[in-house]
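Grab a pencil and work through these exercises with the model open beside you. Try each task before you read its solution.

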Amino acid sequence: MKLLRPLTIAALLAAALVPAAQAHNAWLLPSSTVLSKAQWITVDAAVANDLFFFNHNALNLDNLTVTAPDGSKVAPENLAKGKLRSVFDLNLTQAGTYRVAVVNAGIMASFKLKGEPKRWRGSAEAFAREIPAEAEELNVNEMAGRNETFVTVGKPSALAPIGKGLELVPVTHPNDLVNGEAATFQMLLDGKPAAGLEVTVTKGATRYRNQLGEMKLKTGADGKFSVTFPEAGMYWLDAELKDSKTSVKAAKERRVTYAATLEVLPQ
């Protein structure tokens, strides 16, 4: 059983409930997103107070997946985790668009066993096996999140929907973004349009300005929204929602999050 200290799980739950504007932001930052030919890139990954500035913690990469244009998996190389950031290299040899993603899902629970407080964290599959039948005052939280970025070698290729959790489906390709031009995306939840979802888009380098300058957008009935990027640079897009579509009956609510790093090029 994966038991956590009370302070550890309390901190994790508190982070999940803090509004996005106040919480630490988790992001992936590729050295390049548009390549004319096959080559290497480096990706930084961190959880930070400011966008694309290392000042809090390294991002855990246990659930990192890199998908090549043909759907095959690419193994990251030279992976290292420091105090403030994680880093890895990718050898991109295929033409087309790569998806680089950290996908997390799981259950967090607190309960009492013979009067003693217990904390648990694990997968939905493990929940039924590892929580004692005699557990009392059971409190269960379910979370699912996708954090990703996209890199294209040569001509952009289509990105197939995942069909699970909250995800971004391009209408405008994420590696074909230009400042001053409207880009359109669709948000899906478990493969269906996420209507009425608030999406926040923020330009990086927030450390160097007094105002975040967030753009708050809302999806239509078809899950689509449009955004015009005012300047070239790296942007962070994020969205979250809560629903009752839990994978375990004991959890009454599911918190679903999505984040992506996008590069906007000058005209």
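**Exercise 1. Find which side chains Asp89 joins through polar contacts, then work out what else surrounds Asp89 in this predicted model.**

*Step 1.* Start with the side chain of Thr42: a polar contact of 2.7 Å joins it to the side chain of Asp89. Next, look at Asn78, whose side chain meets that of Asp89 in a polar contact of 2.8 Å.

*Step 2.* Now place Asp89 in the fold. Asp89 sits in strand E7, which covers residues 86-92.

*Step 3.* Look for a charged partner. Asp89 is buried but has no salt bridge. The nearest side chain of opposite charge belongs to Arg85, and that is 9.7 Å away. A salt bridge needs a nitrogen within 4 Å of a carboxyl oxygen, so Arg85 doesn't qualify at 9.7 Å.

*Step 4.* Collect the surroundings. Skipping neighbours within four places in sequence, Asp89 is in contact with Trp40, Ile41, Thr42, Pro76, Glu77 and Asn78. Thr42 and Asn78 are the polar partners you've already met.

**Exercise 2. How confident is the prediction, and where is the pLDDT below 50?**

*Step 1.* Take the chain as a whole: its mean pLDDT is 91, and 91% of the residues reach 70 or more.

*Step 2.* Then check residues 5-22, where the pLDDT is below 50. Beyond near neighbours in sequence, this stretch has 19 contacts in the model.

**Exercise 3. Which residues touch the most other members of the largest nonpolar core, and which elements build that core?**

*Step 1.* Here's the background: in soluble globular proteins, nonpolar side chains tend to be buried together.

*Step 2.* The largest nonpolar core here has 27 residues, and Leu166, Met187, Val201, Val227 and Phe229 touch the most other members.

*Step 3.* Go through the elements that give two or more residues: strands E11, E12, E14, E15, E16, E17 and E18. The largest share, five residues, comes from E18.

*Step 4.* Zoom in on Leu166. Leaving out residues up to four places away in sequence, its contacts include Met187, Leu189, Leu241, Val256 and Tyr258.

*Step 5.* Don't stop there, though. Apart from this core lies another one, of 20 residues, with Val47, Phe88, Leu90 and Val102 among them.

**Exercise 4. Which residue forms a salt bridge with Arg99, and are the two partners buried or exposed?**

*Step 1.* Recall the idea: side chains of opposite charge can pair when their charged atoms come close.

*Step 2.* The model has nine salt bridges. In one of them Arg99 pairs with Glu148, with the closest N and O atoms 3.0 Å apart.

*Step 3.* Locate both ends. Arg99 is in strand E8 (residues 96-113) and Glu148 is in strand E10 (residues 136-153), so this pair links distant parts of the chain, 49 residues apart.

*Step 4.* Apply the cut-off: buried means under 20% relative accessible area. Arg99 comes out at 9%, so Arg99 is buried. Glu148 comes out at 0%, so Glu148 is buried too.

*Step 5.* Follow the charges a bit further: Arg99, Arg146 and Glu148 are linked in a network of salt bridges.

*Step 6.* Try another pair. Lys118 and Glu116 meet in a salt bridge at 3.5 Å, N to O. Glu116 has 45% relative accessibility, so this residue counts as partly exposed.

**Exercise 5. What does Arg254 pair with, and what else does the side chain of Arg254 reach?**

*Step 1.* Arg254 forms a salt bridge with Asp243, and their closest N and O atoms are 2.7 Å apart. Because Arg254 lies in strand E18 and Asp243 in strand E17, the pair ties together parts that are 11 residues apart in sequence.

*Step 2.* Check burial. Arg254 is buried at 7% relative accessible area, and Asp243 is buried at 15%.

*Step 3.* Look for a backbone partner: the side chain of Arg254 reaches the backbone oxygen of Lys245 at 3.4 Å.

*Step 4.* Finish with the neighbours. Not counting residues up to four places away in sequence, Arg254 touches several residues, including Glu142, Leu189, Asp190 and Thr246.

**Exercise 6. Where does Leu265 lie, and which residues does Leu265 touch?**

*Step 1.* Leu265 is in the segment after E18. At 33% relative accessibility, Leu265 counts as partly exposed.

*Step 2.* Leaving out residues up to four places away in sequence, Leu265 touches Val34, Leu177, Val178, Asn179 and Ala232.

*Step 3.* Now compare with Glu137, which is 128 residues from Leu265 along the chain: their C-alpha atoms are separated by 53 Å.

Conventions
Residues numbered from 1 in each chain as written. Predicted model: local features only at pLDDT ≥ 70, side-chain atom pairs only at ≥ 80, totals over all residues. Heavy atoms only, no water. pLDDT = per-residue confidence, 0-100. Contact = heavy atoms within 4.5 Å. Helix = DSSP H or I, 4+ residues; strand = E, 2+ residues; numbered from the N terminus. Buried < 20%, exposed > 50% of the residue type's maximum accessible area, 1.4 Å probe, protein only. Lys, Arg positive; Asp, Glu negative; His and termini not counted. Polar contact = N/O pair within 3.5 Å; in protein donor to acceptor, adjacent residues only side chain to side chain. Core = buried A, V, L, I, M, F, W, Y, C linked by side-chain atoms within 4.5 Å.
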